[in-house]
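User: Please take a close look at one well-covered helix in this model. Then walk me outward from there to the rest.

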Amino acid sequence: MNVYYLAVGITFLIDIILYSVFSVFNKVQPELLGLPFFYWYQILMLVVTTVLMIGASTIKNGEVKGSGNR
Amino acid sequence: MAIGNIDYVSLAVFIILFAVFAFLGFYGARFRKGDLKQIEEWSLGGRRLGTILVWFLLGADLFTAYTFIAVPAGVFGSGSLYFFAVPYVAWGFFVALLTMPRLWTVSRNRHYVTAADFVKDRFNSKSLAMAVALTGIVAELPYIALQIVGMEAVLEILLLGLGVSSKVVTELSLVLAFIVLAAFTFTSGLRGAALTGIFKDVLVWLTVITVIIAVPLQIGGFSHAFTVAQSTKKIFETLPPSLYTAYFSLALGSAFALYLYPHAINGSLSSNDKQKLKYSTSLLPIYGIGLALIALFGILVYGVPGALTLIKHTGNAALAVPALISYTMPDWFIGIALSAIFIGGLVPAAIMAIAIANLFARNVVKEINPNMSPRTETALAKWMSTVFKFLALGFVFVVPASYAIQLQLLGGIIISQTLPAVFLALFTEKLEPKSTLAGWAGGIITAVGLAYYRNFVQLHQTSFTTSLYPLFGHFLYMALIALGVNLAITLIGSAIAYALGWRPKSAINKQELEVVIQKAS
């Protein structure tokens with residue numbers, strides 16, 4: 001298995017966990033500008049998602065570089 | 001009846017912006033010029049779009065009337081549950097990072113234009129490829145219809161605000177807009193959609209950022225809107241724990257479906273470079289922030305009494321966002337915002353029509369008539385993209401708007417059933433074609449059966465209202481249940497076939513999925 005897919009797989013898993021810990025973010029407090037935590041936490045996680053995805057995307061040596069048989 | 005601050009200034013701004021949109025659409029034909037008689041040039045922009053352009057294109061393509069109309073309407077009616085759209089987009093792009101670079105690479109190497117092209121060679125199976133193509137077409141048509149429902153909501157508000165309460169005027173305006181759209185799609189192909197996509201993105205971001213700042217300032221903050229909403233029903237501030245599995249499974253199931261839709265694949269294949277495609281995809285969750293903010297409009301409406309009365313009066317939650325804007329913003333800005341939503345539906349509709357026209361011409365007609373020349377194929381795809389658009393338009397005129405939204409929900413469940421044939425096959429050649437076809441059929445039957453049973457038999461509904469099914473006391477998105485059945489049949493069937501001596505006969509070698517092979521010239 002090459003490094004790129006491993007990196008995407010792991011970051012995906014992290015992201016799934018970040019959005020599944022309802023006991024952590026399914027709350028009203030702390031509010032941000034009157035917005036319940038449930039909402040702004042998930043919006044903030046989109047920024048985290050972007051960072052995770054860009055991080056995984058920079059791994060370029062993941063693919064086999066023409067090392068096939070032909 | 002006057003609606004908020006709508007007047008002729010709003011209408012003038014709306015018309016001017018539509019004219020700019022039409023100009024860009026036609027100008028697209030000259031943009032990065034190519035021979036538009038070739039299908040790769042017309043439908044994929046010659047595979048020459050870079051990081052930023054693909055980002056704009058995919059952003060314009062994936063954030064549709066579903067985002068501007070259906071999600072806020074859902075939040076307005078069903079509360080926090082509909083915020084599942086946020087993890088959905090986040091995860092959808094991870095699925096894309098896993099699958100699209102491989103599909104892009106093999107498509108570049110073997111000149112594929114659709115996912116069904118890949119399925120045909122990978123499985124050496126015409127019937128499976130045709131099943132994937134037809135599923136794409138059937139699932140996409142109501143998605144186009146949903147775009148039209150969104151545009152209709154905009155026109156309805158605009159015309160009502162000007163004192164014109166006529167369905168004929170609304171429908172005529174829609175037909176006119178579609179003639180313009182069809183004409184430039186025909187001449188410019190995906191290039192037209194890419195240029196108008198940038199224009200759409202600018203208008204959408206301008207609208208979202210302005211409204212999300214201006215409205216809370218006007219109505220006394222988010223807390224006021226939340227207090228009013230929560231007093232009607234306790235579903236707005238947080239998610240009821242009984243809906244955790246529903247929230248999770250809706251997000252995950254929709255994320256799997258997103259990049260199986262023909263328009264998403266079409267947009268991804270237009271990239272000129274695999275690495276650039278990865279970067280454009282990675283930046284798309286930023287666009288998801290826009291979606292999240294628009295979803296919140298569905299709650300802000302509760303703080304604007306005029307808009308709230310209008311929605312209750314018309315009984316149409318699809319009006320939530322247009323109504324909110326019309327009651328809070330100045331007349332000229334209403335023109336900008338309404339055109340953002342209107343064009344926000346038109347651009348994806350164009351790309352969706354291009355994508356399913358390709359499927360129809362290449363994977364259905366060409367399979368039946370293999371002697372078709374490439375020129376005829378492109379011409380057929382161009383004409384079919386027009387036919388599909390007007391088919392969807394006719395559909396919206398004939399049946400109630402709510403049907404389009406329900407069929408789009410059902411479409412999402414159905415398109416998920418192509419996951420093994422498209423996504424899994426990118427990573428393994430060990431899926432046996434007949435088992436995969438049987439899995440697909442089993443998945444579709446389960447999906448439609450569950451939807452029918454839950455809505456009409458158990459809940460005695462008169463229409464399709466829920467895509468959740470209670471399994472062992474937990475609400476689950478039907479797409480995931482059907483996908484489970486599908487995968488079980490596909491995997492067990494393949495294992496049995498393998499034991500009986502079946503061996504993979506993929507026409508694609510591993511290298512073709514991983515690196516762009518430079519042809520000796």
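Analyst: Start with the buried residues of α15(B). They are Ala320(B), Val321(B), Pro322(B), Ala323(B), Leu324(B), Ile325(B), Ser326(B), Tyr327(B) and Thr328(B). This is a predicted model. Helix α15 of chain B covers residues 320-328. The helix is mostly covered, with nine of its nine residues buried.

What do these buried residues pack against? Their partners are α4 (65-78), α7, α9 (190-219), α13, α14 (305-314) and α16 (331-368), again in chain B. Two of these partners lead onward.

Take α13 first. Chain B meets chain A through 33 residues on its own side, and 33 residues of chain A are in contact with them. Several helices of chain B each supply at least two residues to that side: α5 (85-110), α10 (221-232), α11 (244-258), α13 (274-300) and α22 (510-514). The most comes from α13(B), with eleven residues. So α13 of chain B has two roles in this tour: the buried residues of α15(B) pack against α13, and α13(B) gives the most to the side that touches chain A. By class, that side of chain B divides into 22 nonpolar, eight polar and three charged residues.

Now chain A itself. Its pLDDT averages 84, and 84% of its residues score at least 70. One stretch scores low: over residues 62-70 of chain A the pLDDT is below 50. Beyond near neighbours in sequence, that stretch has 14 contacts in the model. Chain A also holds a cis peptide bond, between Gln29(A) and Pro30(A), with omega about -5°. Most peptide bonds are trans. Pro30(A) sits in the loop between α2 (22-25) and α3 (37-57) of chain A.

Next, follow α7. Just ahead of α7 (126-161) in chain B is a loop that links back to α6 (115-123), and Asn124(B) lies in that loop. Its phi is positive, about 55°, although Asn124(B) is not a glycine. Most residues other than glycine have a negative phi. Is Asn124(B) buried, partly exposed or exposed? Asn124(B) has 15 other C-beta atoms within 10 Å, so Asn124(B) is partly exposed.

Asn124(B) is also touched by Pro433(B), which belongs to helix α20 (residues 433-458) of chain B. Leaving out residues up to four places away in sequence, Pro433(B) touches Phe123(B), Asn124(B), Ser125(B) and Leu128(B). Pro433(B) counts as buried because 24 C-beta neighbours lie inside 10 Å, and the cut-off is 20 or more. Ala12(B) makes a far reference point: Pro433(B) and Ala12(B) are 421 residues apart in sequence and 56 Å apart in space, C-alpha to C-alpha.

A second positive phi is worth setting beside Asn124(B). Phe472(B) is not a glycine, yet its phi is near 50°. Phe472(B) lies in the loop between β1 (468-471) and β2 (474-477) of chain B. Phe472(B) has 6 other C-beta atoms within 10 Å, so Phe472(B) is exposed.

One helix pair rounds off the walk. Helix α1 (residues 8-27) and helix α8 (residues 167-188) of chain B pack at an angle of about 20°, with axes 8 Å apart. Angles under 35 degrees count as roughly parallel, so α1(B) and α8(B) are roughly parallel to each other. From α1(B), the contact uses Ala22(B), Gly25(B) and Phe26(B). From α8(B), the contact uses Val180(B), Phe184(B), Thr187(B) and Ser188(B). By class, there are four nonpolar, three polar and no charged residues in this contact.

Note on methods:
Residues are numbered from 1 along each chain as its sequence is written. Chains are lettered from A and ligands numbered from 1 in the order in which they are written. This is a predicted model: local features need pLDDT of at least 70, side-chain atom pairs count only at pLDDT 80 or more; totals for chains, interfaces and linings use all residues. pLDDT is the predictor's confidence in each residue, from 0 to 100. Two residues are in contact if their C-beta atoms, placed from the backbone, lie within 7 Å. Helices (H or I, at least four residues) and strands (E, at least two) are DSSP runs, numbered from the N terminus. A residue is buried if 20 or more other C-beta atoms lie within 10 Å of its own, exposed if 12 or fewer, and partly exposed in between; C-beta atoms are placed from the backbone. Ala, Val, Leu, Ile, Met, Phe, Trp, Tyr, Cys and Pro count as nonpolar, Asp, Glu, Lys and Arg as charged, and the others, Gly among them, as polar. Axes are lines fitted to C-alpha atoms, for helices over the stretch in contact, and angles run from 0 to 180 degrees between N-to-C directions. Angles under 35 degrees count as roughly parallel, over 145 as roughly antiparallel, 65 to 115 as roughly perpendicular and the rest as oblique.
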